[in-house]
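Here are a few friendly notes to read alongside the model. They go point by point, so feel free to keep the viewer open as you read.

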Amino acid sequence: MSSAFPAELQPQSKPRARAAWDVYAVVAVGGTLGSLLRYGASLAWPGPWSTFLVNVIGCVAIGVLMHVITELVVAHRLVRPFLGVGVLGGFTTFSTYVADAVHLVFEHQPALALAYLAGTVLCCLLAVLVGVLAARSVARLFGRGDR
């Protein structure tokens, strides 16, 4: 019996992907390092503004990293999982950011909690853009341009 759909639209069975244990390992190691850095920052500067600062700094770093490894260099396949997902993913923390906002609400500061929630997201998005633009500017300054 023939199908009503052309062959290219019919479901294809894909071979099952092998577990990439090396990727899991570098994400785990990087996440551990990033989390330790974040924990150190929270000890040095306790409170929601520490979380805000860590998230903004981490987002700038993510912007720089993504520009460098996608536009300037051919990076080893484990660089992005280690640095991007692991270290910077462990360093930045949106779960603590939400917990900080809830804490502000319980302290009867709901307007500040809302400003903190919206301000963090906006500042982090802008931070990624700043990171990308800064990396691009530095690359042009040193004559590296886009590859």
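1. A word on helices before we start: here they are DSSP runs of H or I with at least four residues, numbered from the N terminus. Please keep in mind throughout that this is a predicted model.

2. Overall fold. The protein chain has five helices and zero strands, and along the sequence this reads as α-α-α-α-α. Of the contacts with a separation of 6 or more, 78% are between residues 24 or more positions apart.

3. Surface and burial. About 9,900 Å² of the protein chain is accessible surface, and carbon and sulfur atoms hold 71% of that area. Of the 147 residues, 27% count as buried.

4. A nonpolar patch. Leu122, Leu126, Leu129 and Leu133 make a nonpolar surface patch of about 370 Å². If you want one residue to centre your view on, try Leu129, which is found in helix H5 (residues 110-141). Leu129 counts as partly exposed, because its relative accessibility is 46% and that class runs between the 20% and 50% limits.

5. The salt bridge. How many salt bridges does the count come to? The answer is one, and the partners are the side chains of Arg77 and Asp22, with 2.0 Å from N to O. This pair links distant parts of the chain, 55 residues apart: Asp22 is in helix H1 (residues 21-44), while Arg77 sits in the loop between helix H2 (48-72) and helix H3 (79-91). On accessibility, Arg77 counts as exposed at 53%, whereas Asp22 is partly exposed at 30%.

6. Aromatic pairs, helix H2. Searching the whole structure gives five aromatic pairs. One of them joins Trp49 and Phe52 in an edge-to-face arrangement, with 6.0 Å centre to centre and 75 degrees between the planes. Both residues lie in helix H2, three residues apart, which is about one turn of the helix. Trp49 is partly exposed with a relative accessible area of 49%, and Phe52 is partly exposed with 22%.

7. Aromatic pairs, helix H4. Phe94 and Tyr97 form an aromatic pair that is edge-to-face, at 5.2 Å centre to centre with 75 degrees between the planes. Both belong to helix H4 (residues 94-106), where they are three residues apart, about one turn of the helix. Is Tyr97 buried or exposed? Tyr97 counts as buried, at 8% relative accessibility, while Phe94 counts as partly exposed at 35%.

8. The aromatic cluster. It is worth displaying these rings together: ring pairs link Trp49, Phe52, Phe94, Tyr97 and Tyr116 into a cluster.

9. Cysteines. A disulfide is a covalent bond between the sulfur atoms of two cysteines. The count here comes to zero disulfides. Why is there no bond for Cys124? The closest cysteine sulfur to that of Cys124 is in Cys59, and at 3.8 Å it is too far for a bond, since the sulfur atoms would have to lie within 2.5 Å. For Cys123, the closest cysteine sulfur is in Cys124, and the distance of 7.0 Å is too far for a bond. As for their surroundings, Cys124 is buried with a relative accessible area of 4%, whereas Cys123 counts as partly exposed at 30%.

Definitions and conventions:
Residues numbered from 1 in each chain as written. Predicted model: local features only at pLDDT ≥ 70, side-chain atom pairs only at ≥ 80, totals over all residues. Heavy atoms only, no water. Salt bridge = Lys/Arg side-chain N within 4 Å of Asp/Glu carboxyl O. Helix = DSSP H or I, 4+ residues; strand = E, 2+ residues; numbered from the N terminus. Buried < 20%, exposed > 50% of the residue type's maximum accessible area, 1.4 Å probe, protein only. Patch = residues over 30% accessible without salt bridge, like charges linked within 9 Å, V, L, I, M, F, W, Y side chains within 5 Å. Areas by Shrake-Rupley, 256 points an atom, 1.4 Å probe, with all protein chains shown as cover. Contact = heavy atoms within 4.5 Å. Phe/Tyr/Trp six-rings, centres within 6.5 Å; stacked < 30°, edge-to-face > 60°.
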